Amino acid sequence: METSERKIDLFEVAEIKLSYSTKVKNSLRPKVGTSRQVYDVFAQAWEDDRIEFVEDFKVMLLSRANRVLGIVTISSGGTAGTVVDVKLVYAAAIKSAAQSIVLAHNHPSGNLLPSEQDKRLTQRIKQAGNILDIPVLDHLIMTSEGYYSFADEGEL
């Protein structure tokens, strides 16, 4: 029986590049300091035809001065939930050099109260942020008519 050995070239690996570029001046980025301001920025970024249709999970990336570096959609799901990979939340935060983040997801049902699953997910993401020194400042549940702030309600 013959075996064919292939010489392995140790330089045949994927190249990893990390980059972040923006064309928006720092002074033109929105600055957020309250849950209402966060809601207003997220509301502009949410597609109107999706907020009452399917659940999306988004992250707002913030500078040290709480200026919005960007908003990234982490996951989209069905009418009753979406799966969130904590690694993807912090991959975006690290790549953009965010100093803190704000989480948001919508409830297509219009219910503003967080589920137990919402609370557990928030704590998992918060714990990861503590390790990485990228704190979670808030988590908003969004509907077309209003929002629920974990921070305002003392749930963070």
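**Entry 1. Ile101 and the nonpolar cores**

Which residues does Ile101 touch, not counting residues up to four places away in sequence? I looked this up in what is a predicted model. Ile101 touches Val59, Met60, Leu61, Val89, Tyr90, Ala93, Ile125, Ile134, Pro135, Val136, Leu137 and Asp138.

I then turned to the cores. The largest nonpolar core has 18 residues, and Ile101 is among those with the most contacts inside it, together with Phe57, Val59, Val89, Tyr90, Leu103 and Ile125. I noted that E1, E2, H2, E3 and H3 are the elements that give two or more residues to this core. H2 supplies the largest share, four residues. Another core, of 14 residues, lies apart from it and includes Ile51, Met60, Val68 and Val102.

**Entry 2. The sheet**

I next traced the strand order. Five strands form an open sheet in the order E2-E1-E3-E4-E5, and the pairing is mixed. E2 and strand E5 (146-149) stand at the edges with a single partner strand each, so one side of each is left without a neighbour in the sheet. On average, neighbouring strands of this sheet are turned by 25° against each other, direction ignored.

I went through the pairs one at a time. E1 and E2 are antiparallel and pair over seven bridges. In this pair, Leu61 has Gly70 of E2 as its bridge partner. The hairpin of E1 and E2 has five residues between the strands, and Asn66 takes a positive phi near 60° there. E1 also pairs with E3 in the antiparallel sense, over six bridges, and I found Leu62 opposite Ser100 in E3. E3 and E4 run parallel and are joined by six bridges; His105 stands opposite Ile141 in E4.

**Entry 3. Strand E1**

How many of the residues of E1 are buried? I counted seven of the seven, so E1 is largely enclosed by the rest of the structure. I checked the directions of the side chains as well. In a regular strand, side chains alternate between the two faces of the sheet. In E1, Asp56, Lys58, Met60 and Leu62 point one way, while Phe57, Val59 and Leu61 point the other way, and all are buried. I remark that Asp56 and Lys58 are thus listed with Met60 and Leu62 on one side.

**Entry 4. Helix H2**

I examined helix H2 (residues 86-95) and found Val86, Val89, Tyr90, Ala92 and Ala93 buried. These residues cover an arc of only 155° around the axis, which puts them on the same side of H2. What covers the buried residues of H2 includes strand E1 (56-62), strand E2 (68-76), strand E3 (100-106), helix H3 (116-132) and strand E4 (136-143).

I also inspected the N-terminal end of H2. Asp85 caps this end, with a side-chain oxygen 3.0 Å from the backbone nitrogen of Lys87.

**Entry 5. Two loop residues with positive phi**

Following H2, I came to Ala97, whose phi is positive, near 60°. Ala97 belongs to the loop between H2 and E3. Buried or exposed, at 51% relative accessibility? Ala97 counts as exposed, because the cut-off for exposed is over 50%.

I looked up Asp133 next. Asp133 is not a glycine, yet its phi is positive, about 60°. The residue is found in the loop between H3 and E4. Its relative accessibility is 65%, and Asp133 counts as exposed.

**Entry 6. Helix H3 and His139**

I recorded the placement of H3 against the sheet: H3 lies across E1, E3 and E4 and runs at about 150° to E4. This led me to His139, which has its place in strand E4.

What is the relative accessible area of His139? The value is 1%, and His139 is buried. I found a polar contact of 2.6 Å that joins the side chains of His139 and Thr122. Thr122 also appears among the residues that His139 touches, with Phe57, Leu103, Ala104, His105, Asp118, Tyr148, Ser149 and Phe150, not counting residues up to four places away in sequence.

I note in closing that Phe57 and Leu103, two of the residues touched by His139, are also among those with the most contacts inside the largest nonpolar core.

Definitions and conventions:
Residues are numbered from 1 along each chain as its sequence is written. This is a predicted model: local features need pLDDT of at least 70, side-chain atom pairs count only at pLDDT 80 or more; totals for chains, interfaces and linings use all residues. Side-chain values use heavy atoms; hydrogens and water are left out. Buried means under 20% relative accessible area, exposed over 50%, partly exposed in between (1.4 Å probe, protein chains only). The arc is that of the directions from the helix axis to the C-beta atoms. Contact means heavy atoms within 4.5 Å. A polar contact is a pair of N or O atoms within 3.5 Å; within protein, one must be able to donate a hydrogen and the other to accept it, and residues adjacent in sequence count only if both atoms are side-chain atoms. Two strands pair if DSSP finds at least two bridges between them. Axes are lines fitted to C-alpha atoms, for helices over the stretch in contact, and angles run from 0 to 180 degrees between N-to-C directions. A nonpolar core is a set of buried Ala, Val, Leu, Ile, Met, Phe, Trp, Tyr and Cys residues joined through side-chain atoms within 4.5 Å.
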